[in-house]
Structure formats: structure tokens, C-alpha cells
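Biologist: I would like to learn how to read a model of this kind step by step, beginning with the way helices are placed against a sheet. Could you take me through it?

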Amino acid sequence: MIWIKKITRPLLLVVLPVVVIACTVSYKFNGSSINYDKVKTISIADFPIKSEYVYAPLATKFNEDLKDIFIRQTRLQLLKPNQNADLQIDGEITGYNQYNQAVSADGYSSETKLTITVNVRFVNNTNHAEDFEQQFSAFRVYDSTQLLTAVQDGLIAEMSKEITDQIFNATVANW
């Protein structure tokens, strides 16, 4: 009986760390739920600006952000748009507009709302039931005393991130 007490402590010191290490659970919180056995590649076409108002850096920023989110948060291989990928995303920027949001007591605009709208076509060549065409948009309000040229780069960066997150969630997150 004494020998059991002598061996219990060293045995616990050896077995307990092995059990703790073996029983760890790994979670990935990027939101993607991709079956990498079926889906291995993605192609993302550049989104041209087809809105009435054109701000050229918008297309570059949006296209890079969209590709970047899929590269960073998935293991999918990015292919050129003319190649036959398992997932295909294309579309166009259909709106880049500003509107008066609020009017001050003197009758002039006090806030302006800047909106970006993007039309997206998604094709899943491994499961066509998930295909869709949908519009995504984001907006920001800024003080009308500021010029659009002074704030638009910062606002575009915020809205581009928001829209690319929406597209990522709609295509591969399957929430």
C-alpha cells in the first residue's frame, strides 16, 4: 500500500501534462467554413467602377482589399479570373455617391453621407446551390464643413473593409 502512494505522485506528474496537451481544442475565428477537400482555388476578378461618379483609387483599394481578405483568412489558392477556379467572384462598383444627410438651422447641409455600392456575382463550382448575385453597400457620414477630397481616402478605406467583410461572410463563412 505504501508503494502505491510513492508511485502516484511521479505518475501524475508524467501523465497529467500528456493528457492536458492531448486534449487541447483548436478554434479558428476567421469565420470561414470551407471544405478544403472539395474547394482549393478561388478567382477574384477586378471590379471596375460603373457608377456616375468615378474616383479611380476606389477600384484599386477595393480590389486589393477583397483579394487580401481571402488570402489572409483562407488556404485557398488565388487563380487568375480566366482560369477555372472552384470559387469565382466578379462584379462591379455600381455606386459612389454623396448625399446631404442633415440640415442645420441656417438651411445649409451640416452632414454628408458617402455611400459605396458593389454588385457581386459568386459562383461555387463545387456546389451551384450556393451561387448568387447580390449588392453590398456601406456608408459613412462626415461633417459638411470638410471637403470630400480631404476625407474620402480614409472613408473609402473603412467602407472597403466593411464591404469586403460582408462579401467574405456571404461567400465562405456560411453563417
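Modeller: This is a predicted model, and a helix can be placed by asking which strands it contacts and at what angle its axis runs to one of them. Helix α2, residues 56-73, lies across β1 (41-44), β2, β3 (87-103) and β4, and its direction makes an angle of about 125 degrees with that of β3. Helix α3, which spans residues 148-173, lies across β3, β4 and β5, running at about 150 degrees to β5.

Biologist: In what order do the strands of the sheet stand, and is the pairing mixed or not?

Modeller: The sheet is an open one of five strands, in the order β2-β1-β3-β4-β5, and its pairing is mixed. The edges are taken by β2 (77-79) and β5 (132-143), and because each has a single partner strand, one side of each is left without a neighbour in the sheet. Neighbouring strands are turned against each other by 30 degrees on average, with direction ignored.

Biologist: How many bridges join β1 to β3, and do these strands run parallel or antiparallel?

Modeller: Three bridges join β1 to β3, and the two strands run parallel; in this pairing isoleucine 44 has isoleucine 89 of β3 as its bridge partner. Between β3 and β4 there are 15 bridges, and these strands run antiparallel, with glycine 95 partnered by threonine 117 in β4. β3 and β4 also form a hairpin with five residues between them, and in the turn glycine 107 has a positive phi of about 90 degrees. β4, residues 109-124, is joined in turn to β5 by twelve bridges, again in an antiparallel run, and there valine 118 has phenylalanine 136 of β5 as its bridge partner.

Biologist: Moving on to the aromatic rings, which pair of tyrosines is stacked at 5.4 Å centre to centre?

Modeller: A ring pair is read from the distance between centres and the angle between planes, and the count here comes to six aromatic pairs. Tyrosine 53 and tyrosine 96 are the stacked pair at 5.4 Å centre to centre, with 15 degrees between the planes. Since tyrosine 53 lies in the loop between β1 and α2 while tyrosine 96 lies in strand β3, the pair ties together parts that are 43 residues apart in sequence. Tyrosine 96 is buried, with a relative accessible area of 1%, whereas tyrosine 53, at 40% relative accessibility, counts as partly exposed.

Biologist: Which ring forms a stacked pair with tyrosine 96 at 6.3 Å?

Modeller: Tyrosine 55 forms that pair with tyrosine 96, at 6.3 Å centre to centre and with 15 degrees between the planes. Tyrosine 55 lies in the loop between β1 and α2, so its pairing with tyrosine 96 of strand β3 ties together parts 41 residues apart in sequence. Tyrosine 55 is buried as well, because its relative accessible area of 16% is under the 20% cut-off. Tyr53, Tyr55 and Tyr96 form one aromatic cluster.

Biologist: How should I read a charged side chain over a ring, and which residue lies over the face of phenylalanine 139?

Modeller: The reading rests on how far the charged group stands from the ring centre and on whether it lies over the face. Lysine 113 lies over the face of phenylalanine 139, at 4.3 Å from the ring centre, and arginine 75 lies over the face of tyrosine 36, at 3.9 Å from the ring centre. Phenylalanine 139 has its place in strand β5 and, at 45% relative accessibility, counts as partly exposed. Leaving out residues up to four places away in sequence, phenylalanine 139 touches Lys113, Leu114, Thr115 and Met159.

Biologist: Finally, which residues have the most contacts inside the largest nonpolar core?

Modeller: That core has 37 residues, and Phe70, Ile89, Ile93 and Ile116 are those with the most contacts inside it. At least two of its residues come from each of β1, α2, β3, β4, β5 and α3, and α3 gives the most, with nine residues. Phenylalanine 70, apart from its neighbours within four places in sequence, is in contact with Ile42, Ile44, Ile89, Phe168, Thr171 and Val172.

Definitions and conventions: Residues numbered from 1 in each chain as written. Predicted model: local features only at pLDDT ≥ 70, side-chain atom pairs only at ≥ 80, totals over all residues. Heavy atoms only, no water. Pairing = 2+ DSSP bridges. Helix = DSSP H or I, 4+ residues; strand = E, 2+ residues; numbered from the N terminus. Axes fitted to C-alpha atoms, helices over the stretch in contact; angles between N-to-C directions. Contact = heavy atoms within 4.5 Å. Phe/Tyr/Trp six-rings, centres within 6.5 Å; stacked < 30°, edge-to-face > 60°. Buried < 20%, exposed > 50% of the residue type's maximum accessible area, 1.4 Å probe, protein only. Lys NZ or Arg CZ within 6 Å of the ring centre and 35° of its normal. Core = buried A, V, L, I, M, F, W, Y, C linked by side-chain atoms within 4.5 Å.
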